[in-house]
Amino acid sequence: MAFTRERQVSANGLDFFVAEAGVAGLPLVLCLHGFPECWASWRYQLPVLAQSGYYAVAPDLRGYGFTDAPKDVEAYRQSKLVEDVMALIRVLGYDSAILIGHDWGCALAWQVARCYPKSIKAVIGMSVPYGGPAPVPPTAAMRKLFEDRFFYMLYFQQTGLPEQELEADVSHSLRCIFHALSADGIADFNVKPDDTGFLQSMPVPEAQPRWMREEDLAYYVERFEHSGFTGAINWYRSMDASWEESRNASNWQIPMPILFIGGLQDPVLMFSQKALQRMPDYMPDLRTVMLDQCGHWIQMEQASEVNREILAFLEEVDGDKIE
């Protein structure tokens, strides 16, 4: 993608692929993607941030694309991922950064900000609200809520089967997922109680949307055909271990300026309403924006609006807080 520079950097013992735009030395904005994605989910934000005076960097996160993917599930605990982010900030030549995260990248951004509040100047999170500490392990809460009904995060706890399904035809898998969780596809998304696979209820789109053209999709397909899905799914398999290692933490407040952007048609946000309601309890400097006709892929589906909100937020909190 022509507007970015791409390179490999070593951080926290791994080799990371990063895309960057703008001039090093300007305020660093580090963009963290979700599942099943890669750095290119920020293709609509990186050039805009660069043109606005920021050094914008988006890595393929641990387990994704052309970044290393350790085999051990324990290597994907949140504490490891948090240290990835901090190591990336340092190897890029900075002591602090602004974080932008979506999906798993949003959940990760919250944890980085919680653990290193003096190093994170501001956070822009999308899709996954922050609800503070959870009383029970994530999979226990999910089993209680869904009982015998299918839920993809529980399905992903199985060894091998999710990869077998998603890797059978990577193009088909990604085509279905991006469509089904978008505003256009959510009306057709129908999870039945007896579904046994992630893709069963996801219709194939008749045509690719403007925000995920065939050439865009091909880029994602290339990366997942290279990496496979195991590293990405290991983020889900590590949820309980991550909960266990943080359950006795006391620092749940996130004090820096926060912007949360949600899509009104995002099924992940619909599932997380309690956390959304609790966010103000843990974030004293919070702004929330909800976008209509927007599904899960917020920064792609509504790129122009998201870019306006990002730049307005950064302008608002600019100065001593983020210089």
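**Exercise 1.** In this predicted model, find which parts of the chain are tied together by the salt bridge of R77 and E245.

*Solution.* Start with the pair: the side chains of R77 and E245 form a salt bridge, at 2.9 Å from N to O. Next, place each partner. R77 sits in the loop between β4 (55-59) and α2 (78-91), whereas E245 belongs to helix α10, so the bridge ties together parts 168 residues apart in sequence. Finally, check exposure: E245 is partly exposed, with a relative accessible area of 34%.

**Exercise 2.** Work out how α4 and α10 are oriented to each other.

*Solution.* Let's stay with α10. Helix α4 (residues 138-146) packs against helix α10 (residues 239-246) at about 120°, and the axes are 7 Å apart. Roughly perpendicular ends at 115 degrees and roughly antiparallel begins over 145, so α4 and α10 are oblique to each other. Now list the contact: α4 contributes P138, T139 and M142, and α10 contributes M239, D240 and W243. Sorted by type, these residues give 4 nonpolar, 1 polar and 1 charged.

**Exercise 3.** Is D216, the salt-bridge partner of R43, buried or exposed?

*Solution.* First, the pair: D216 and R43 meet through their side chains at 3.7 Å, N to O. D216 lies in helix α8 (residues 214-227) and R43 in the loop between β3 (28-32) and α1 (46-51), 173 residues apart. Buried means under 20% relative accessible area. D216 has 3%, so D216 is buried; R43, with 5%, is buried too. To finish, widen the view: salt bridges with shared partners join R43, R213, E215 and D216 into one network.

Note on methods: Residues are numbered from 1 along each chain as its sequence is written. This is a predicted model: local features need pLDDT of at least 70, side-chain atom pairs count only at pLDDT 80 or more; totals for chains, interfaces and linings use all residues. Side-chain values use heavy atoms; hydrogens and water are left out. Axes are lines fitted to C-alpha atoms, for helices over the stretch in contact, and angles run from 0 to 180 degrees between N-to-C directions. Helices (H or I, at least four residues) and strands (E, at least two) are DSSP runs, numbered from the N terminus. Angles under 35 degrees count as roughly parallel, over 145 as roughly antiparallel, 65 to 115 as roughly perpendicular and the rest as oblique. Contact means heavy atoms within 4.5 Å. Ala, Val, Leu, Ile, Met, Phe, Trp, Tyr, Cys and Pro count as nonpolar, Asp, Glu, Lys and Arg as charged, and the others, Gly among them, as polar. A salt bridge is a side-chain nitrogen of Lys or Arg within 4 Å of a carboxyl oxygen of Asp or Glu. Buried means under 20% relative accessible area, exposed over 50%, partly exposed in between (1.4 Å probe, protein chains only).
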